[in-house]
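Visitor: I am new to this structure and would be grateful for a close look at a single part of it. Please choose one residue and then set it within the rest of the chain.

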Amino acid sequence: MSFTGLSIDKYKGFKANYHTHTPRCNHANGSEREYVEEAIKNGFKVLGFSDHGPHIYDEDFVSKVRMKPEELEGYCRVVTDLAAEYKNEIKILTGLEMEYYPPRFDDDMMFIEQFPLDYMILGQHWYYDEPYTPYTGDITDDPAMLKGYVNVVIEGINTGLFTYVAHPDLIHYVGDMSVYDSEMARLAAALADHGMPCEVNVNGYRSKIQYPAPRFMKIAADAGCEFIIGVDAHNPCELGDIENYEACRQMAINAGGKLINL
């Protein structure tokens with residue numbers, strides 16, 4: 001597949017963001033050019049677009065939080081054109097943020113492999129399948145939900161098709177913390193085994209929600225994971241939110257982790 005070869009290692013030491021959205025997901029604002037120009041203005045050397053990618057649904061379901069399949073071609077065209085235009089100022093990559101839905105994954109991959117993508121990041125916003133299972137960020141004290149989330153994310157990691165996991169601590173578990181520690185240690189071990197960094201999500205930090213979670217970050221650091229700052233930009237101005245970007249960097253350092261982007 002065309003996006004399996006991206007190695008973040010080649011961009012270590014650069015100020016880079018791989019988590020950038022566009023209005024196609026129906027909950028972001030601003031043109032792709034505005035994101036690029038804001039990134040350049042704020043010293044980014046690498047900008048990866050990773051809008052919420054389409055899933056292939058047999059039933060009459062239309063997601064309100066991701067691009068439609070027919071929008072993917074135009075998305076890729078706009079980003080690759082900008083990459084050529086700005087090649088002397090910034091490295092621009094074309095990616096997607098995708099869920100791993102086992103019943104749909106093969107069909108999803110057969111569709112998106114037709115397009116010139118550099119990478120995918122795994123963002124498991126729904127527990128198992130968007131139309132039928134809960135949103136991962138909903139509060140739960142059910143250990144089975146936590147274990148199920150960890151299981152499906154590890155399955156996604158094991159496909160070898162994702163560059164890293166967006167907000168791996170998105171799961172909003174408030175039950176027995178000994179269970180949380182055990183399950184998230186299992187997830188962190190899988191990330192470390194595959195050499196996949198843990199994202200420290202600036203959007204979550206800014207919103208003061210359950211992620212990025214210092215408890216998870218300590219577990220990940222102890223497992224030997226590296227960290228990557230993900231702006232998760234839904235508006236161009238968020239690439240200029242230096243205060244919260246730096247706070248996330250400090251969280252990773254405080255956890256004892258090593259950052260791979262500046």
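Guide: Let us begin with Tyr 86, which has a relative accessible area of 7%. Because buried means under 20% relative accessible area, Tyr 86 counts as buried. The model under discussion is a predicted one.

Tyr 86 is found in the loop that joins helix 2 (72–85) to strand 3 (91–98). Which residues does Tyr 86 contact, leaving aside its neighbours within four places in sequence? They are Arg 33, Val 36, Glu 37, Ile 40 and Ile 92. Of these contacts, Ile 40 is separated from Tyr 86 by 46 residues in sequence, while the two C-alpha atoms are 9.6 Å apart in space.

Another of these partners, Ile 92, leads on to the interior of the chain. When neighbours within four places in sequence are set aside, Ile 92 is in contact with Tyr 86 and also with Val 36, Leu 47, Phe 49, Val 79, Leu 82 and Ala 83. Val 36 is thus a contact of Ile 92 and a contact of Tyr 86. Ile 92 belongs to the largest nonpolar core, which has 71 residues; together with Leu 72, Met 184 and Leu 187, Ile 92 touches the most other members. Apart from this core lies another, of twelve residues, including Tyr 11, Ala 16, Tyr 18 and Ile 260. In soluble globular proteins, nonpolar side chains tend to be buried together.

The whole chain gives the setting for these details. The protein chain contains eight helices and eight strands, and 57% of its 262 residues count as buried. Among contacts with a separation of 6 or more, 78% are between residues 24 or more positions apart. A compact globule of 262 residues would have a radius of gyration near 18 Å, and the 17 Å of the protein chain agrees with this. The C-alpha trace spans about 50 × 45 × 30 Å along its principal axes.

A helix elsewhere in the chain may be viewed in a similar way. In helix 7 (residues 214–222), the buried residues are Phe 216, Met 217, Ile 219, Ala 220 and Ala 221. These buried residues pack against helix 5 (177–193), strand 6 (198–201), strand 7 (226–230) and helix 8 (242–255). Gly 224, which follows helix 7, has a positive phi, near 90°.

As for the outside, the accessible surface of the protein chain is about 10900 Å², with 49% of it belonging to carbon and sulfur atoms. There are 22 positive and 41 negative side chains, and the centres of the two sets are 7 Å apart.

Terms used. Residues numbered from 1 in each chain as written. Predicted model: local features only at pLDDT ≥ 70, side-chain atom pairs only at ≥ 80, totals over all residues. Heavy atoms only, no water. Helix = DSSP H or I, 4+ residues; strand = E, 2+ residues; numbered from the N terminus. Rg over C-alpha atoms; globule rule 2.2 N^0.38 Å. Buried < 20%, exposed > 50% of the residue type's maximum accessible area, 1.4 Å probe, protein only. Contact = heavy atoms within 4.5 Å. Areas by Shrake-Rupley, 256 points an atom, 1.4 Å probe, with all protein chains shown as cover. Lys, Arg positive; Asp, Glu negative; His and termini not counted. Charge placed at Lys NZ, Arg CZ, Asp CG, Glu CD. Core = buried A, V, L, I, M, F, W, Y, C linked by side-chain atoms within 4.5 Å.
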